[in-house]
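Here's a quick walk through one model, with a look at a helix residue, some annotated spans and a few aromatic rings. Have the structure open as you read.

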Amino acid sequence: MSLIGRLVVIFIGFLAACFVGGMIVVVALLFPEFSDLGAGPVDQGTIDILLGFGFIFVSGFALVPAAVIVAITEALYIRSALAYAVGGGLVGLACYLGLVPFHSDTFQFEGIVRRHLEIMTGAGIVAGVVYWLIAGRNAGAWRIPPPPRKPPPPLPSNSRPDAR
């Protein structure tokens, strides 16, 4: 039963990390628009839709790389916040580079925008820390058997019926 509970915690941690990562991506990409003084008030419904799309975007692209990182950390009992931050940064980097055209002739990515690369990597780092806060601190704990229970104390000699 502890493995099923651990899978639920991993799933909740992944969803929370994707939401935070998507929120960072949306806010960082829209920041130049927010800083414009002539833009006026921002419609809350539009922000909600953008946050939803950011969540879907991040969770869809990050599922496989994040699953690899989670499997490695669970198998090796890695519980360090730094490891999850680095893993999240690698997942963010992989998500961004998965969208950039790669030319196999020259073995180069073409069209990398440095700001977008930094946003995705930074969002991955923060998402990795959020995942660590929810699920990573107890990585591999489901494999450790619970401590044995102490036997109950013996019954008093007067409480047993005569066993003759």
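What follows covers a predicted model, starting with one isoleucine and ending with the phenylalanines.

Let's begin with I24, which sits in helix α1, the stretch covering residues 2-34. Is I24 buried, exposed or something in between? Its relative accessibility is 26%, so I24 counts as partly exposed, given that buried means under 20% and exposed over 50%. Leaving aside residues up to four places away in sequence, I24 touches A123 and V126. There's also G54 to look at: I24 and G54 are 30 residues apart along the chain, and their C-alpha atoms are separated by 8.6 Å.

Now for the record. UniProt, in an unreviewed entry, puts "transmembrane region" at residues 7-31, 51-72, 81-99 and 119-140. Here's how two of those spans come out in the model:

| Span | Helix | Strand | End C-alpha atoms apart |
|---|---|---|---|
| Residues 51-72 | 100% | 0% | 29 Å |
| Residues 119-140 | 73% | 0% | 30 Å |

So much for the spans; on to the rings. How many aromatic pairs are there? The count comes to five, taking ring centres within 6.5 Å as the rule. In one of them, F102 and F109 have ring centres 4.9 Å apart and planes at 55°, so this pair is tilted. F102 is partly exposed at 42% relative accessibility, and F109 is partly exposed too, with a relative accessible area of 35%. Ring pairs also bring in F107, linking F102, F107 and F109 into a cluster.

How values were computed: Residues numbered from 1 in each chain as written. Predicted model: local features only at pLDDT ≥ 70, side-chain atom pairs only at ≥ 80, totals over all residues. Heavy atoms only, no water. Helix = DSSP H or I, 4+ residues; strand = E, 2+ residues; numbered from the N terminus. Buried < 20%, exposed > 50% of the residue type's maximum accessible area, 1.4 Å probe, protein only. Contact = heavy atoms within 4.5 Å. UniProt positions renumbered as here; feature names shortened; annotations may be inferred. Phe/Tyr/Trp six-rings, centres within 6.5 Å; stacked < 30°, edge-to-face > 60°.
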